[in-house]
Amino acid sequence: VITSTNLVVENSIYTSISTTSTNKTLVNRELCTLMYSGIGTVANLTVTMPSTPQPGWEVGVSIGGTFLDSVVARNGSNIMAFAQDMTIDKAYATLRFVYTDTNNGWRIF
């Protein structure tokens, strides 16, 4: 089982880099890699966006395997102007989210 770890990084967009195999809530400027110790396309992992984000906040989500069911929970804020959670269905994808405003919410860059 992979446990959550944190690494403090300087001179980077991200000030915290983490790896997890369990559900997790992100913080501003965190890059989190989702790992799964099993084999296959189902990991059932959810990362939750920070609560009460401010414009300019940024998080990253990286998929560390071939699983196609990772959920980014919006935590009350829109994602790409939609009031719904997002499923990442691309193996080894890395997404960068920047919070813009209450209407658009988290934008993918």
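**Strands and salt bridges, checked against their definitions**

Tutor: In this predicted model, we can begin with Val47, which stands opposite Val72 in strand β7. Because the model is predicted, local features need pLDDT of at least 70 and side-chain atom pairs count only at pLDDT 80 or more, while totals for chains, interfaces and linings use all residues. Residues are numbered from 1 along each chain as its sequence is written, and side-chain values use heavy atoms, with hydrogens and water left out.

Student: What makes β5 and β7 a pair of strands?

Tutor: Strands are DSSP runs of E with at least two residues, numbered from the N terminus, and two of them pair if DSSP finds at least two bridges between them. Strand β5 (residues 46-48) and strand β7 (residues 70-73) are joined in the parallel sense over three bridges, so the requirement of at least two is met.

Student: Which strands make up the open sheet, and in what order?

Tutor: Four strands form this sheet, in the order β3-β5-β7-β8, and their pairing is mixed. Strands β3 (24-25) and β8 (86-88) are at the edges, each having a single partner strand, so one side of each is left without a neighbour in the sheet. In total, the protein has 10 strands and zero helices.

Student: Why is the contact of Lys24 with Glu30 called a salt bridge?

Tutor: The term asks for a side-chain nitrogen of Lys or Arg within 4 Å of a carboxyl oxygen of Asp or Glu. The N to O distance between the side chains of Lys24 and Glu30 is 3.2 Å, so this pair qualifies.

Student: Are Lys24 and Glu30 buried or exposed?

Tutor: Buried means under 20% relative accessible area, exposed over 50%, and partly exposed in between, with a 1.4 Å probe and protein chains only. Lys24 has 16% relative accessibility, so Lys24 counts as buried, and Glu30, at 1%, is buried too.

Student: What joins Arg29, Glu58 and Arg96?

Tutor: The side chains of Glu58 and Arg29 meet in a salt bridge at 3.6 Å, N to O. Glu58 lies in strand β6 (residues 58-63) and Arg29 in the loop between β3 and β4 (30-34), so this pair ties together parts that are 29 residues apart in sequence. Glu58 also forms a salt bridge with Arg96, with the closest N and O atoms 2.7 Å apart. Arg96 belongs to strand β9 (residues 94-101), so this second pair links parts 38 residues apart in sequence. Through the shared partner, Arg29, Glu58 and Arg96 become one network.
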